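Here are some notes to read beside the structure, set out point by point for someone meeting it for the first time. Please keep the view open and find each element as it is named.

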Amino acid sequence: MDFVSQLKEKAKLAGKKIVLCEGEDKRVVEAAAKIVKEGIAKIILIGNAEECAKAAPGVDLSGIELVDPATSPDTDKYAELLFKTREGKINKKTGQAEYPTVQDAKNYILKDRTMFGALILKAGDADGFVSGACHSTANTLRPGLQVIKTAPGIKTVSSSFIMVAPECGNKYIKEGVALLADCAINIEPSSEELADIAVATADTAKKIAGIEPRVAMLSFSTKGSGNDDKFFKSVPKVQEAVKLAQEKAPDLALDGEFQFDAAVAPEVGELKAPGSKVAGHANVFVFPNINAGNIGYKIAQRMGGWMAIGPVCQGFAKPLNDLSRGCNVDDIVATVAVTALQA
C-alpha cells in the first residue's frame, strides 16, 4: 500500500470531522465529495448547494454537511465566540476595538468564511480545519493565530511539507517520504525559531508520516565550509540553531549545518561530514529561510515529480492546515487525511 493510501486508511479509523472553508472552489467541492464517498472523514463544507453546484456541476453532495454563514442557526453563536475571544484587541489601523459589538463580529464572519471555519473548530463543532485553495496563507493562518492560538508551551507556529516520492522512487530517500520545513510561514526565522521548527517537524515526521526522523539543518555551508559571518550571518544562525535543537531534543538524530547534497547523499556526506550520523541519510530537511524552503519544495514537486502534502501546520492548539493555491483534488484529500490524524 502506498503512503497516501496508508494515510487515508488511518484517517478512516480516526473518524474525524473536518471543515473545508471554500465551497466556491471546484477542487474543494470535488475533494469533499471524494473524502465522504471514501469514508476518509466527515466533512463540513462552508457554502450552499447552489454555489457548490455552480463551482462543480454534477458532483454528488450527499453526505456533506453544507453550512452557509448567511442562514446557519449557529452564526450568532460563532459571532459571540469571536467577540469574546478578541475582546479588548485593538485594530492597529483604526485604533478602535476590532469588534466593538457582537453585531460587528457577526458582520465580519458573514464576509470571511475562513474565520467562520476557524470558529467552527474553536467551538468544537469540527475536529480540524483546511483552507487555502483560493486564499493566501496569510488569510488562512490569521484566524488560526487569532482564535485557535498556539498549543500550551509552544512559541513558534511553523509548517512542513510531507513530500511523497514519485512511483519510480528515489535512491536517496528509501522510505519514499521526506519532510521539508519551513516553506510557508516563517520568513526569516531566528536560531531559536529554527530549532523549534526542527523539533516540531521531527514530531510530524514520526507521528503523521510514520518515519523515524533524521534531521538536517540546511545551509550553503557544510560544517563551516562557508563562513559569511562578516556579512549576512546566515551560517552562524544555522549553527546556533543546531546547538539549540540538540539541547531541546537530545535524543533526536539531528545535525548540521549541511549543504543539501551532504545531507542526502551518503557519498557526499561521508566526504564533507565524516562521523555524522545524519549526513547522507537525512529525511527531514530544515531550510534557513522561507526563500530557500519555498523554492526547494516546488522544485521537488514540479521537476522531480514529488507529491507535496501541506503545508502541514505545527504548533496550533487544534489542527488547522493551509493548502497551496496550486493544489489539486488529491492534494486536498491527502491534507484532510493528515488533519484528521493530527486530531
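1. This is a predicted model, and a convenient place to begin is a single pair of residues: Ile 18 has Gly 128, in strand S4, as its bridge partner. These two residues belong to a wider pairing, in which strand S1 (residues 17–20) and strand S4 (residues 128–131) run in the parallel sense and are joined over three bridges.

2. Stepping back from that pair, one finds five strands forming an open sheet with parallel pairing, and their order across the sheet is S3-S2-S1-S4-S11. Because strand S3 (65–67) and strand S11 (320–322) stand at the edges with a single partner strand each, one side of each is left without a neighbour in the sheet. From one strand to the next, the twist averages 20°.

3. Two helices should be viewed together with this sheet. Helix H6 (residues 113–122) lies across S1, strand S2 (42–46), S3, S4 and S11, and its direction makes an angle of about 165° with S4. Helix H7 (residues 137–148) lies across S4 and S11, and here the angle of about 165° is the one to S11.

4. Another pairing deserves a separate look, namely that of strand S5 (residues 158–164) with S10, which is antiparallel and extends over six bridges. Within it, Met 163 has Ala 308 of S10 as its bridge partner. As general background, strands of a sheet pair through backbone hydrogen bonds, in either a parallel or an antiparallel way.

5. Is strand S10 mostly covered or mostly uncovered? Strand S10 (residues 307–314) is mostly covered, since seven of its eight residues are buried.

Notes. Residues are numbered from 1 along each chain as its sequence is written. This is a predicted model: local features need pLDDT of at least 70, side-chain atom pairs count only at pLDDT 80 or more; totals for chains, interfaces and linings use all residues. Side-chain values use heavy atoms; hydrogens and water are left out. Two strands pair if DSSP finds at least two bridges between them. Helices (H or I, at least four residues) and strands (E, at least two) are DSSP runs, numbered from the N terminus. Axes are lines fitted to C-alpha atoms, for helices over the stretch in contact, and angles run from 0 to 180 degrees between N-to-C directions. Contact means heavy atoms within 4.5 Å. Buried means under 20% relative accessible area, exposed over 50%, partly exposed in between (1.4 Å probe, protein chains only).
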